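Please look over the structure below before reading the notes. The points are grouped by topic for quick reference.

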Amino acid sequence: MSETIYDVAVIGAGPAGVQAAVSASHQMRHALVLHAGKVSYSRGRAYWSKSVEIEDAPVFPGITGPNFAKELMKWMEARPVTPTTIHGEPRKTGIEVRDGLVTKLTKDGDIFNLEASTVRFRKGKSLEIENFKSRTVIVASGFDDRWPDIEFKEEAERLYQQYITVFRYAGNRKGWHVCIRCDGHLHVDEHLAIVGVGDYIYDVALGAQDFTDKITILTNGRPHGFSPKVLEQVRKRDIEIIETKIKKHLGEKTNLMGFEMEDGRELYFDGFLVDEGLIPNTKFLDGWDYQKDEEGLIITNGDMQMLDANGHPIPGLFAAGDLVSGERNLIATAFALGQEAGLSASDALRKWHHPVH
Ligand SMILES: Cc1cc2nc3c(=O)[nH]c(=O)nc-3n(C[C@H](O)[C@H](O)[C@H](O)COP(=O)(O)OP(=O)(O)OC[C@H]3O[C@@H](n4cnc5c(N)ncnc54)[C@H](O)[C@@H]3O)c2cc1C
């Protein structure tokens, strides 16, 4: 049997990747979606919204992250791989979904090779690696949020293990939030703790003003790092700054209530928001020469095509969703960018092109 060469391989099954695959299959393409959800803790950002309903997303009413992930799967399952004939040639159309953490992306001639670990990693067991081939690739693997170093286990190798205490309180109504635009409405006129440093964290406070003016910035033991102008505004707005290190969380089950500080104080708040930056899920692109911004997010052209160092589109390689450089995006944008990438990848596979191109 000959090895399958997919038309479009999508890395990631968040809203961006799923929409990209659906749009490509709508154009009669044979799409493969590899997603890390079941083989790693990298489940996508929306998944961590565990008891807070995701709102503001097209089509879906308020829905929690794990249910949203299930709905996205069902949407893809409604487009199974089907044999068809186009221009007299036998072809396949539809979406194949596979569990797989993509570990390496390479290109040989016109064909991409995706190396993926397809079984959950267990200590003492060797990795199970499978290879997949495709004519085009859409990178929609999102990013992981950086968590605050509170009860942080430096010796643990994996993000989830390092921040296991933080994860206990993450994505809950009374726990850690990472997106003020998503969850600010839960804390109207309540006292919000914002963890982070520098002028950047002040932007988060600016977003929080839509919901409350009772704001405390906790730097977790670091100097606040505000520029003089920002510091002046922070003081004018009566935003408290606490530079003491946080010793541990004070919470019950998955409800976070406050912190025990290193100086022995106990501080209690109604809401908790952190922005310590992000970790792009792009390790598999190591060795590729592509444009990215200072946070490591991918720079694309208007067709969602990735660009090389000279600004030229990299043939067949696209990106979509949160991973694309720009303002922090939400789900509707991820869907929109996914659709653009799915259609552009399909267009790239056409045989006839306009004579001027
Ligand atoms: C707690 C929280 C609450 C939120 N609430 C809202 C809200 O109310 N409204 C709203 O509009 N937005 C909300 N957002 C933002 C929203 O979740 C993101 O904008 C959106 O999920 C981005 O979609 P994406 O497809 O780009 O990436 P993600 O949803 O992050 O999906 C990335 C996918 O890539 C996979 N992946 C990662 N690495 C690999 C790899 N190496 N190989 C294969 N697969 C990989 C993951 O398993 C996942 O399937 C929230 C975010 C968080 C964290």
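The notes below cover the ligand site, one helix and a few backbone angles. This is a predicted model. The protein buries 97% of the 1,000 Å² that the ligand exposes when taken alone, a point taken up again under the ligand.

**The ligand and its shell**

- The ligand has 35 residues around it, and S42, R45, V102, D322 and I331 come nearest.
- An oxygen atom of the ligand sits 2.5 Å from a polar backbone atom of S42.
- Another polar contact involves A16: a backbone N or O atom of A16 is 3.0 Å from an oxygen atom of the ligand.
- At E55, a polar backbone atom lies 2.9 Å from a nitrogen atom of the ligand.
- Alone, the ligand would expose 1,000 Å², and the protein buries 97% of that.
- Two or more residues of the shell come from each of these elements: α1 (15-26), β2 (30-35), β5 (101-108) and α8 (331-348).
- Sorted by class, the shell holds 17 nonpolar, 13 polar and five charged residues.

**Helix α7**

- Helix α7 spans residues 228-236, and its buried residues are V230, L231 and V234.
- These three lie on the same side of α7 because they cover an arc of only 100° around the axis.
- An α-helix has 3.6 residues a turn, so residues three or four places apart point the same way.
- The buried residues of α7 pack against α6 (198-208) and β12 (240-242).
- The other side of α7 carries the exposed residues P228, K229, E232, R235 and K236.
- P228 is part of helix α7.
- P228 counts as exposed because its relative accessibility is 67%, and the cut-off for exposed is over 50%.
- From P228 to K50 the C-alpha distance is 39 Å, and the two are 178 residues apart in sequence.

**Positive phi angles**

- Most residues other than glycine have a negative phi.
- D238 follows α7 and has a positive phi, near 60°.
- D56 is not a glycine, yet its phi is positive, about 70°.
- D56 sits in the loop between β2 and α2 (65-77).
- With a relative accessible area of 63%, D56 is exposed.
- E151, also a residue other than glycine, has a positive phi near 50°.
- The loop between β8 (143-145) and α3 (159-162) holds E151.
- E151 is partly exposed, because its relative accessible area is 33%, and partly exposed covers the range between 20% and 50%.

Note on methods. Residues numbered from 1 in each chain as written. Predicted model: local features only at pLDDT ≥ 70, side-chain atom pairs only at ≥ 80, totals over all residues. Heavy atoms only, no water. Buried < 20%, exposed > 50% of the residue type's maximum accessible area, 1.4 Å probe, protein only. Helix = DSSP H or I, 4+ residues; strand = E, 2+ residues; numbered from the N terminus. Arc of directions from axis to C-beta. Contact = heavy atoms within 4.5 Å. Near = heavy atom within 4 Å. Polar contact = N/O pair within 3.5 Å; in protein donor to acceptor, adjacent residues only side chain to side chain. Areas by Shrake-Rupley, 256 points an atom, 1.4 Å probe, with all protein chains shown as cover. Nonpolar A, V, L, I, M, F, W, Y, C, P; charged D, E, K, R; others polar.
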